[in-house]
Every structure is written in structure tokens, then in C-alpha cells.
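Let's take a walk through this model, starting from one spot and working outwards. Keep the structure open as you read.

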Amino acid sequence: MISLFALVALFILAIFVGFEVITKVPPTLHTPLMSGTNAISGIIIVGALLCIPDSSPGVANILGMIAIIMASINVFGGYLVTDRMLKMFKRKND
Amino acid sequence: MIDTIINSVYLFAAVLFIFAIKGLTHVKTARRGNFLSALAMFIAIVATVVKMQISGQIGWGFIIAGFVIGGAMGAIVSQKVKMTAMPQMVAIFNGMGGGASVAVAASYFLRTNELGVVLGVSDSITTIIGVIIGAVTLTGSFIAFSKLQGIIKGKPILFPGNNILNIVLFLVVLVLSVLIVFGIGDSLLLFFILVCVALLLGILLVTPIGGADMPVVISLLNSYSGLAAAAAGFILKNSVLVISGALVGASGIILTRIMCKAMNRSLTNVLFGGFGQKEEGKKDTSEYENVKSCEADEAAIILDNADSVIFVPGYGLAVAQAQHAVKELADLLKKKGKKVAYAIHPVAGRMPGHMNVLLAEANVPYEHLHDLDSINPEFKNTDVVIIIGANDVVNPAATKEKSSPIYGMPILNTHEARTVIVIKRSLSAGFAGIKNKLFEHTNTLMFFEDGKAAVKKIVQEFKEL
């Protein structure tokens, strides 16, 4: 287990790293950036998995499954559509 | 021991996510970046499943069912969606992220409640924050989707007392949160009410916002979906959730700021729901005078005599599906040795970078797409500018008239070019509802026609020269 304090520190540092890196993304790639980060926010799938510790048909497990469905729409859809878009960006001589 | 290994793997995945986003800073490395991001996601999922399997706490049935259903839906949407519909898709995906966070927080809350575990203050607070952000993101995104898709009208829906109701609902959320944190009353019932109120709040926060402001809204909701994931990370004490959630949160905030700047709105104005209402300012809606118009043949001759041409596409171009016709004209011009470029305003599409994707789809090389700052110094040395389906973003009033409602908005300085050809069906106003003096300039020619038809006619005339 990680302490709450350590997590808060991680969160703040990650925000700064995010700002540094993402401000360098050119406007041309802002839409793929959004769909790509959509996919990354599907990381909630890890949390969703942890919500399903057994196979009993309880409400908590079913909520976990709903979370997995929503998150995997994000993950699969997000990565695939981002790749589909990035494939279209071509250079002059291609 | 096993926890240490798993946590190290999570950390590795988080670092990989950062490298992945770094890949997105160049077109050349972007696809690899996206792949790295998917790899990081895969690693994080496998690590979690391994951990659960080792501890013997894993409900495979639900997990596999969830992956199959969600994965199939995501895959189908990703292949079917039209590039013009990308904003709607991102909006709905934002909602999915928020919805998943609510479900995770609610599942966690229910389970601890069933087991009779009393949550500590910090655990309760993080759970509640996760639920609130997630719920607002879920319903807010659905409203944004409906507006972009045209299911509900794009105009701001503002009933009397809307803002007061929002404040009241927000206070209710606060009171409920305090009661839950301190374990006063039936916490399960209170939690359920909290979810419902937060869902309602998400609806009411987005309905008053006009369709033209949706780029700001989806950028902001993008940020929220990341923050909701981070909040779930705090609940479950999971580092990879916190780090990746923070990255997405930061990304959304940056894009929100860019959109706000491009639309001449402050972030506070956005955050407190005051937008959608037009700012005060004298609206110039007087009649147009001395407007000069032209036809395709004249436009073709002007283009033939030019050495440099800049296209300025607006959303009207995408609506008319004119990007392929424009590409054809640009290719013809290039063949004759003319310099061709595209000037893309940040709000040219319906979301950040949307126009670039639409032009990329039409095989326009990305090196020809220029943003506001890099292209603006070029206009004064340019022979012809062709504006298609753009209005407010080329209105010189934004730089010249202090009383104008769009004063201060960054615009493309097309009026500095030697000749400006504006392809537009009529002289109707843009989103800002004001007159565009560019249309009266002595060096401006209006070509009254649908975007696609107009460009095709010019192509035809140009070929016959």
C-alpha cells in the first residue's frame, strides 16, 4: 500500500510532467492527443478489475463489470481511432 | 514481495505513458507513441490480473464479459466513426471514462459497506470526489455529445434560476458529502442520493452552453475524465491510476486553455458556467456596403496570376465536405509552381486540431498546415487568400475595434493579403453575430456559393485557362 501523502505527491509531480510534455504537442496533433488521452483515462480499467474479487452476482461486482465495459470502450476505441487518424498524417513525398 | 513487484510494474507502465505522450509531440513519432501507450495499458492490466490471480481474488466471468462487450463496442466505433464526427466520439469516450470512475467508486463504497468496514475520513473523501467528478463527466459528456450530434439543439438552454439551482445542487452535494464522511445517517442512502444529484449537476452544467462553445466543453470534460481516474487511484491506493489520470487531467486543461484563448474567453468564465452568454459590447450589425463579388472564371484568373496562395478553411468547409476539392485545387496550383499553404485557426473545427485531421484525411501533407502564429506574418506577402466557410476568425474587428464583442480574439490576418476571395453562401453573420468588415474591403471579393461547388467550379475554370 502506498500512503495517501505519497500519492498526492505523485499526482502533483505528474501534473507538472504532463504540462511540460503536452505543451510541446503541436496543434496539428491535438485531436489525436485528445483521443489518445481518452484511451489513457481508460486506465480506470485497473480500478475496475480490482472491484471484482469473486464471481458472486452481487451489486458491487456488477458495478465492476459495468466499469470494465465503459473503460474498455475507452481503451480499445481510443487506441484504435487514434491510430486510424495518425495513419492519415502523411508527409509531402509519401 | 509480490506487492513490490507489482508496484514496480505499475511505475514502469506510468513512465511508459509519459514516453508515449512525448511521442505525440512529433508527427513522425506519434504512431509509435500511441503504440507505447497501448503497451503501457496492456502491462498495467496484466500486472493487475496477475496480482488478483495470485491472491485468489478474481471474478473471471465478469471480467471477461466486460472486456468482450466493451472491447467490441470500442473497436466497432473506432472503425465506423466519420472524421467529421470525431468531437462527438471524444465526448462520448470522456463520458465512458467518467462513468467507469463512478462505477468503481460506487462498487468500492458498496463493498466496504457490505463488509461492515467503516471508511476513514481520507478514504471517504477520495471516494466522494471520485463519484462527483465521474458523475458530472458522465452526464455532462452525454449532453455535449447530444448537442454535437444534433440530438438536442445547440442553442444554450437556460431557464430562469438555472445558475441558482446549480449553486443549490452544489451545496446539497457538499452537505451530503459531509454527512457521509462523518457517518451521519444511512450512508448507503445518502451515497445513492449523492450520485443522483451529481449526475443532475452534470446535465445542468452543460445544457446552458451553446454549441459553438463545445470545443471548450469537451476539452474540459477530457480533463475531468482523467481527474476522475486519478481520484479512483486515490481510493484504491494505486500509483498508475494517479499518474496517468494526472497526465490526462493536465492535457485536458492545456487544451481548454488553448480553446479559451482562441475563443476570447477566460478560464474562470468557463469554469463557473458563465459562458454561452454573449459578452457585452456594441454589436455592429449595420448593412454591408460596397461589397464586390466574383465568379469562378475571375477567381481562376486571379489565382493564375498569383505566386503564393493561402487557404483558410473553416468548419463550413468540413460541413460542405469540400476538403477533397480544395486539395485538388491546391495540387493544380502547386503544379504551376505556386506556393500553397493552409492557415488553420485553433477553433477552425469542432474540437482542438479537428481541421488538421479533416485535411489529413483528404491527403493534404501536414507540412502545409500552419497554425496562427506561424502563418500570420506571411499574409502581407501573400498574393491570394481563399477563405472557405470561416467568418469570425478572419474578422479584423478583433484587432481594430475595441468596442467589438470579439475584440482581443486572435484572428488570421487575411486582410493583409493582396487579394482575398471569400467563398460563402451569403453575407450572414458567424457565431458572434456581428458584421465582418473584411467583406467590404477593397481587396476582398465575395464568391457567393456553396463551398464544395465553388471550389469545383474554380478547378474547372482553372483547367480551361
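Start with B:Ile387, which sits opposite B:Val422 of strand S5 in chain B. This is a predicted model, so treat everything below as computed from it. That residue pair belongs to the link between S4(B), residues 384-388, and S5(B): the two strands run parallel and five bridges join them. Go to the other neighbour of S5(B) and you find strand S6 (residues 444-448) of chain B, again parallel and again joined by five bridges. Over there, B:Lys424 has B:Phe448 of S6(B) as its bridge partner.

How many residues of S5(B) are buried? Six of six, across residues 419-424, so you can call the strand mostly covered. Look at its two faces separately and the picture holds up: B:Thr419, B:Ile421 and B:Ile423 are buried on one side, while B:Val420, B:Val422 and B:Lys424 are buried on the other. Yes, that list includes the lysine we just met, B:Lys424.

Now zoom out to the whole sheet. It is open, has six strands and pairs in parallel, with the order S3-S2-S1-S4-S5-S6 in chain B. Strand S3 (369-371) and S6 of chain B stand at the edges with a single partner strand each, so one side of each has no neighbour in the sheet. On average, neighbouring strands are turned by 25° against each other, ignoring direction. What lies across S1, S2 and S4 of chain B? That's helix H13 (residues 323-335) of chain B, which crosses strand S1 (308-313), strand S2 (339-344) and S4, and runs at about 170° to S1(B).

Next, the domains. The domain assignment splits chain B into domain 1, residues 81-272, and domain 2, residues 296-463. Taken over C-alpha atoms, their centres are 37 Å apart. The two do touch: 18 residues of domain 1 of chain B are in contact with 16 residues of domain 2 of chain B. On the domain 1 side, the elements that give two or more residues are helix H4 (86-114), helix H8 (214-236) and helix H9 (239-262) of chain B. H9(B) provides the largest share, with five residues. By class, this side of domain 1 has 14 nonpolar, three polar and one charged residues.

H4(B) deserves another look, this time for its packing against helix H7 (residues 187-206) of chain B. Their axes are 11 Å apart and the angle between them is about 175°. The two helices are therefore roughly antiparallel. H4(B) brings B:Val102, B:Ala106, B:Phe109 and B:Asn113 to the contact, and H7(B) brings B:Ser187, B:Leu188, B:Phe191 and B:Val195. Sorted by class, the residues of this contact are six nonpolar and two polar, with no charged ones.

Finally, step across to the other chain. Contact between the chains takes in 77 residues from chain A and 98 residues from chain B. Which elements of chain A give two or more residues to the side that touches chain B? They are helix H1 (4-22), helix H2 (30-41), helix H3 (44-50) and helix H4 (59-88) of chain A. The largest share comes from H4(A), with 28 residues. The class breakdown for this side of chain A is 50 nonpolar, 20 polar and seven charged residues.

Definitions and conventions. Residues are numbered from 1 along each chain as its sequence is written. Chains are lettered from A and ligands numbered from 1 in the order in which they are written. This is a predicted model: local features need pLDDT of at least 70, side-chain atom pairs count only at pLDDT 80 or more; totals for chains, interfaces and linings use all residues. Domain bounds come from an automatic or database domain assignment. Two residues are in contact if their C-beta atoms, placed from the backbone, lie within 7 Å. Helices (H or I, at least four residues) and strands (E, at least two) are DSSP runs, numbered from the N terminus. Ala, Val, Leu, Ile, Met, Phe, Trp, Tyr, Cys and Pro count as nonpolar, Asp, Glu, Lys and Arg as charged, and the others, Gly among them, as polar. A residue is buried if 20 or more other C-beta atoms lie within 10 Å of its own, exposed if 12 or fewer, and partly exposed in between; C-beta atoms are placed from the backbone. Two strands pair if DSSP finds at least two bridges between them. Axes are lines fitted to C-alpha atoms, for helices over the stretch in contact, and angles run from 0 to 180 degrees between N-to-C directions. Angles under 35 degrees count as roughly parallel, over 145 as roughly antiparallel, 65 to 115 as roughly perpendicular and the rest as oblique.
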